[in-house]
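Colleague: I'd love a close look at the aromatic residues and the surroundings in which they sit. Please take me through them slowly, with the cut-offs as you go.

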Amino acid sequence: MPQAHEFNQSVPALAAARDALRASLRQQPHLPGAVLELCRLRLAQLHHSAADLATTEYALPESRRGALGHWDSSSLFGAAERACLAFAEVYAMDAAALTDEHADAVKSHYGDAGLVALIEALGIFDGAIRVNLLWGEGDDR
Amino acid sequence: MTGKPRAHNPAAPSGNMIADSALGLVPETLASYLHYNRMIWEEGPLSPAEVEVARLRNARRVNCVFCKSVRYDIAIEAGLTEERVAMIGEGYRDSGLSAREKLIVALVDQYYDAPGSMSESLRAELDAEFSAEELAHLSLAIAHFSGFSRCAVALGGMPEELPVMAISLPDG
């Protein structure tokens, strides 16, 4: 039974390929790293994954991390970030529930490539969080 | 679901199914994505037929019409049949799937329904049937397939239904 921290040892080549994919996501120019990190952290919040919330992949001001749970009423997040966070929240529940309006809001800031990068990132982040929950300490509820 | 694509595809087709989809708009991730996809299928301890059980159960959970219609030829060569595909549905527990295949389906369901609260009994069953390497590979495969299916759904343009079609792994 693998524990979350043992994954890299159990399947080192596959884990390295996964890490390379994740690294490439950080290198794409279509979405800022801060937006990716906000979406990753929001997914971690929605999944109640303390382990993922405790990690930092892109440095954000502590005030913004702290306000993420109520991003929709906080002045710390701009329109582009709000569009992506709204998209991420619906994605986390049901990708089929996403509307053209959700997509258009993201594209109005980041274009088609930005939308694709966001969707790709959400898949990678959500997958990593769920796998951590499966084999880690479970959720924090 | 929407029938209208929410992002355009790359202007110049390459012949690679994934590169020619909207994913090709982010070329910075494409090579690593394709490489990872091939490793999921070709480098792991599970047979392609077992990997396909995980992929098809995921496709049903996400209701990705495209993913549900596809059969990878390497899985067919490894013994996957339409009769077995039909067993991956809701009645899988009472089907003729093997104990390993039923546990693969159960793990996909756990991944979606409550990844943070797997029962001790399911953990014990998985532990008895699979090695640590197999479980790690299977878990990453499920996550990968989930991301792909949800990507396809989120990008829109999905038809209501498609015929079953056998395809080969995209180059990567």
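**Aromatic pairs and their neighbours**

Modeller: Let's begin with B:W41 and B:F145, both of which are buried (under 20% relative accessible area with a 1.4 Å probe, protein chains only; over 50% is exposed, and partly exposed lies in between). This is a predicted model, in which local features need pLDDT of at least 70, side-chain atom pairs count only at pLDDT 80 or more, and totals for chains, interfaces and linings use all residues. Residues are numbered from 1 along each chain as its sequence is written, chains are lettered from A and ligands numbered from 1 in the order written, and side-chain values use heavy atoms, leaving out hydrogens and water.

Over all chains, the structure holds three aromatic pairs (Phe, Tyr or Trp rings, the six-membered one for Trp, with centres within 6.5 Å; planes under 30 degrees apart are stacked, over 60 edge-to-face, the rest tilted). In one of them, the ring centres of B:W41 and B:F145 are 5.6 Å apart and the planes meet at 50°, so this pair is tilted. The two residues come from distant parts of the chain: B:W41 lies in helix α1 (residues 27-42) of chain B, while B:F145 lies in helix α8 (residues 132-154) of chain B, 104 residues apart from B:W41. Helices here are DSSP runs (H or I, at least four residues), numbered from the N terminus.

B:Y111 and B:Y112 make an edge-to-face pair, with 5.1 Å between the ring centres and 80° between the planes. B:Y111 is buried because its relative accessible area is 0%; B:Y112 has a value of 15%, so B:Y112 counts as buried too. Going back to the tilted pair, B:W41 and B:F145 belong to a cluster that ring pairs build together with B:Y72.

Now for what surrounds B:Y111 and B:Y112. B:S146 is in contact (heavy atoms within 4.5 Å) with both of these tyrosines and with B:N58, once neighbours within four places in sequence are left aside. B:S146 belongs to helix α8 of chain B, the helix that also carries B:F145. With a relative accessible area of 1%, B:S146 is buried.

Chain A joins in as well. The charged end of A:R130 sits over the ring of B:Y111, 5.4 Å from its centre (the rule asks for NZ of Lys or CZ of Arg within 6 Å of the centre and within 35 degrees of the ring normal). A:R130 is also one of the residues in contact with A:H47; leaving aside neighbours within four places in sequence, the others are A:D126, A:I129, A:L133 and A:D139. A:H47 itself is in the loop between α3 (33-46) and α4 (50-53) of chain A. A relative accessible area of 11% makes A:H47 buried.

Finally, one more aromatic residue in chain B is worth a visit. B:F130 is in the loop between α7 (120-129) and α8, and is buried, with a relative accessible area of 4%. Its contacts, apart from neighbours within four places in sequence, are B:L46, B:R100, B:L103, B:I104 and B:L135. Of these, B:R100 is 30 residues away from B:F130 along the chain, yet their C-alpha atoms are separated by 7.9 Å.

To recap the walk: a tilted pair of B:W41 and B:F145, an edge-to-face pair of B:Y111 and B:Y112, and the charged end of A:R130 over the ring of B:Y111.
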